[in-house]
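Dear colleague,

Please find below the structure I am handing over to you. My findings on the ligand surroundings and on one helix follow after it.

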Amino acid sequence: MYAQMVKSTGDAVKSREDMSDDERHFQDKVDANIKVEPRDWMPDDYRKTLIRQIGQHAHSEIVGQLPEGNWITRAPTLERKAILLAKVQDEAGHGLYLYCAAETLGVTRDELTEKLLSGRMKYSSIFNYPTLTWADMGAVGWLVDGAAIMNQVPLQRTSYGPYSRAMVRICKEESFHQRQGYAIMMKMAQGSPAQRKMAQDALNRMWYPSLMMFGPSDKDSVHSAQSMAWKIKINTNDELRQKFVNETVPQAEYLGLTIPDENLKFNEETGNYDFSQPDWDEFFEVLKGNGPCNTDRLNARRKAWDDGAWVREGLLAHAEKRAAAKVAAE
Ligand code: BYC
């Protein structure tokens, strides 16, 4: 159903016979796992798809700072505060690596930002959910960073060089993030009955939104086929979601917490856990801007952009002054 709602940049994979010589040569290179670099020839839709995916990922890192930043002033100890502060700073760094990778494709960071602020570009649906208690900092690290890692580890092998190199660095940091989240969950799960309850409540609220992070089910994914042919994506959305469930269930059991899914059961035949799908109507509503925090998140980004205008103008004026002085000296 969603397939009809979104504008696809290339849902049908072109057959080899329909490709131009350049396109065939390009596909051969991708198939041989030779990285595509910024100055290399690439099909227009490859470039567009990468800008969309990398840009969306960069925005997710930046918007993703908001729900966690919300808890920096309220972290329970100085140590927890320092750790959370460092994690939120890391997310800003990830955003920067990714904006830089996108810039190599001929789009500026300002253009991407403008598209985000005008609602023409997306960021991950997960960040439109609120973080209500300190246990949510645990659940975000454990589940949200956990889902992000599951998505991003294969992307280290993505076909576009600058994206794959950015991903190597990001994944190293994300695995620390996941562990710090799990450490918070462990502390809460082993704490007082009230803390245990908070941990379970955070898992209950974050579980299905985390499953949604992998995108719509394969039958509704408009981009997967072409993106996988170009190795922009390595796995389908459902493959990664299943892998995430398989790895996360034993972690929840170790914590003594219950995943909020009555249908969750290990399937001896497939070797996977069977699980309930998230509410896909809710997912599409969040994508349309109707999630619990969409308005707050975008307003916060718009305010940050407006408040930072004087810095950008100052830097630009300084750069222009230096360039003029250089010309005058020559
Ligand atoms: N949220 O055909 P599909 C992080 C859109 S976590 C919003 O399957 P595709 C962080 C999709 O864009 C960020 N939109 O598309 C973690 C498309 O719409 P458009 C993790 C979503 O592109 C912790 C439409 O639905 N990001 O940064 O093949 C702390 C149809 O989908 C979502 C990555 O890992 C969603 N969940 O696959 C701080 C980047 N799902 O664009 C920060 C990697 C789908 O046609 N990204 N859509 O209008 C990807 O692998 C892919 O872009 C997706 C979707 C899996 C997200």
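Please note that this is a predicted model.

I begin with the polar contacts of the ligand. The side chain of N151 places a polar atom 3.2 Å from an oxygen atom of the ligand. R52 also faces a ligand oxygen atom, with a side-chain N or O atom at 2.9 Å. M213 takes part through its backbone, where an N or O atom lies 3.3 Å from a nitrogen atom of the ligand. The protein buries 96% of the 1,000 Å² that the ligand exposes when taken alone.

Turning to the surrounding shell, 31 residues lie around the ligand, and those that come nearest are K122, S221, H223, K233 and N237. Sorted by class, the shell comprises 13 nonpolar, 12 polar and six charged residues. Three helices, α3 (44–63), α7 (135–152) and α12 (280–290), each contribute at least two residues to this shell. The largest share comes from α3, which supplies six residues.

A separate point concerns helix α14, which covers residues 309–329 and has 21 residues. From its first C-alpha to its last, α14 reaches 30 Å, close to the 30 Å expected at 1.5 Å a residue. How many of the 21 residues of α14 are buried? The count is zero, and α14 is thus described as hardly covered.

With kind regards

Technical notes: Residues numbered from 1 in each chain as written. Predicted model: local features only at pLDDT ≥ 70, side-chain atom pairs only at ≥ 80, totals over all residues. Heavy atoms only, no water. Near = heavy atom within 4 Å. Polar contact = N/O pair within 3.5 Å; in protein donor to acceptor, adjacent residues only side chain to side chain. Areas by Shrake-Rupley, 256 points an atom, 1.4 Å probe, with all protein chains shown as cover. Helix = DSSP H or I, 4+ residues; strand = E, 2+ residues; numbered from the N terminus. Nonpolar A, V, L, I, M, F, W, Y, C, P; charged D, E, K, R; others polar. Expected span 1.5 Å × (residues − 1). Buried < 20%, exposed > 50% of the residue type's maximum accessible area, 1.4 Å probe, protein only.
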